[in-house]
Every structure is written in structure tokens, then in C-alpha cells.
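Welcome, and please take me on a short walk through this model, one selection at a time. Have your viewer ready, with the sequence panel open beside it.

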Amino acid sequence: MNTSKHSSINNIVPFAGSDNPNVSSLPNVVVSSSESIRRIEELQTFVEEVMVKGVDYGMVDGFSKPTLLKPGAEKLCDVFGFSKTVEVVNRIEQWEAGIFAYEVKMTLTRKDNGVIEAEGLGSCNSREAAFQHQDAYTIVNTVLKMAKKRALIDAVLSATRSSGIFTQDIEDFPTKPSIKGGDEPITKRQLLKIHQTVAELNMRHEVAKEMIRMKYHVDHSTKLSKKQASDFIQDLLHLKDVFNDADYLNMQINNE
């Protein structure tokens, strides 16, 4: 039986035009540099002209890249023509102990040809700092929604190649140089943003202070560093995103 002339090199096909078929190489580039640049520019234009700051993405003071929020991820799915499939791949539901954790896989499929473009993973559990002062039995759906949201954003960043524009995790932000003696102190703008977002969440100040104490070991927001404040604002924005989504779902159910 005849075998392929490339079988001896593990099915790696040489660059087109190679004179020596036995020389293995990387596959050919299928998108030109100019086409790649054009796609990136189109994405940046869409972000600037269509996406809304504070709704689709959140700006955190002191960092260059914004964080992608759920409404923005949904818009990118629409403009790129992706359909979404959600699967809970792992779950822990210990009702006696009040411990709930979910790991979710989000699959994005192209509507035009049915090809899977990307998969994203997201997880969340009821022991995270944001849920420490809430009744675990009343936030089960919120924990699951947070895991779904994280999986969605992970998949969208991969599928749209937009990680150069947005980030999902605060650790991905390039920070500005710190002043001598440690990180820069929290700014007035950051303090205002924290107070504003806490109010929008209808969160008691005692709860917000306890979250800060447990995560950063300080007893007041004024004692946070600039980096810590940005981190905390990020957490609040994601909480607001998830809670708004849950409120919308409840409203839809009540209207049916």
C-alpha cells in the first residue's frame, strides 16, 4: 500500500514552493499583514463608535486597558456573527454547608458555517470575597451567572482577538510605575468611583468596608493603594454587571 510522501514527517506540510518535500516547516500564513491590520482597525473603530464606556467596558483609573463587561461581550458576539452554547462542566452544590461552585464552558460558533471559533472557561464560588456577607442560599443563581459571564468574556476575547484592546482580569493590566516607597495612594477619582458604584449596588457601607478589610487588610477605602483601588473597582463593576443581568431576567419572568 502506498503512503503519503509527508507521512514520515508527521503530516507537517512544508511551505508552498519548497524544493525539498522532506523539509518540514510551519504552515503558510493564511492572512496577509495588511488584512490583519485592517481587521484590527475595524474592531477598534467598532469599539470607539458603537460600544459605550461604563456599560460595555469599564475603565479603571491607573491602567491603560479597559475591562470587557458582559453587554460589550454580547455586542461583539452579534457583530462577529457568533452563536453561544453554554455547558456547566463542573458543579459543587453542598446545600448543608452552603457552598456552591460552578465551572462553565462557553462555546462560540460561527452562524455562517457552523464552525466552532472559540471556547472559554469561567468559574465562580460562593466563598469569594464579594459574597462573604450574603446568604449563600440566595445567591446560587448569581454565582452561576458570574461563572457564565466569565466564560463568555474569556471566549469572546479569544474569538475576536481583542485581548489587545480589553482584558478580563485585573492582573493583565500594565500598571504605571510606582512612586518611591511603594505603590501610589488611591486617587480622589477612584474614591468617588467606589462610593458611586457601592451606592448603585445598594450595598451597605459596612459590607463594602468588610470586603476591603478581608481582601486588603485595611479598615477604610482611603487606605487603599492605587492598584488595590483599581482591583476593588473591577470587582464592583463585575458585581454590578451580574446583578443588573439578574434583575433584567427577573423582570422578564414577571412580565410573562
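Begin by selecting Y57 and F166 in this predicted model: both residues are buried. Show their side chains and look at the two rings, which form a tilted aromatic pair, with 5.9 Å from centre to centre and 50° between the planes. The angle counts as tilted because edge-to-face needs over 60 degrees and stacked needs under 30. Now colour by secondary structure. Y57 belongs to strand β1 (residues 57-58), while F166 sits in the loop between α3 (140-159) and α4 (188-200), so the pair ties together parts that are 109 residues apart in sequence.

How many aromatic pairs does the structure hold? There are six. For another of them, select W95 and F100. Their ring centres are 4.7 Å apart and their planes stand at 75°, so this pair is edge-to-face. Are these two residues buried or exposed? W95 counts as partly exposed, at 44% relative accessibility, whereas F100 is buried, with a relative accessible area of 0%. Add Y137 to the selection, and you have one aromatic cluster made of W95, F100 and Y137.

Next, select strand β3 (residues 82-94) together with strand β4 (residues 99-110). These strands pair in the antiparallel sense over 12 bridges. To see one bridge, pick E87 and find its partner in β4, K105. Then move to the turn of this hairpin, where four residues lie between the strands and G98 takes a positive phi near 70°.

Keep β4 on screen and add strand β5 (residues 116-125). This pairing is also antiparallel, over nine bridges. Pick L108, and you will find A118 of β5 standing opposite. Which residue should you click in the turn between β4 and β5? Choose G114, which has a positive phi of about 75°; this hairpin has five residues between its strands.

For the last stop, select helix α5 (residues 205-216). The helix has 12 residues and spans 16 Å from its first C-alpha to its last, close to the 16 Å expected at 1.5 Å a residue. Which residues of α5 are buried? Highlight V207, A208, E210, M211, I212 and Y216 to see them. Finally, step just past the end of α5 to H217, where phi is positive, near 60°.

Technical notes. Residues numbered from 1 in each chain as written. Predicted model: local features only at pLDDT ≥ 70, side-chain atom pairs only at ≥ 80, totals over all residues. Heavy atoms only, no water. Phe/Tyr/Trp six-rings, centres within 6.5 Å; stacked < 30°, edge-to-face > 60°. Helix = DSSP H or I, 4+ residues; strand = E, 2+ residues; numbered from the N terminus. Buried < 20%, exposed > 50% of the residue type's maximum accessible area, 1.4 Å probe, protein only. Pairing = 2+ DSSP bridges. Expected span 1.5 Å × (residues − 1).
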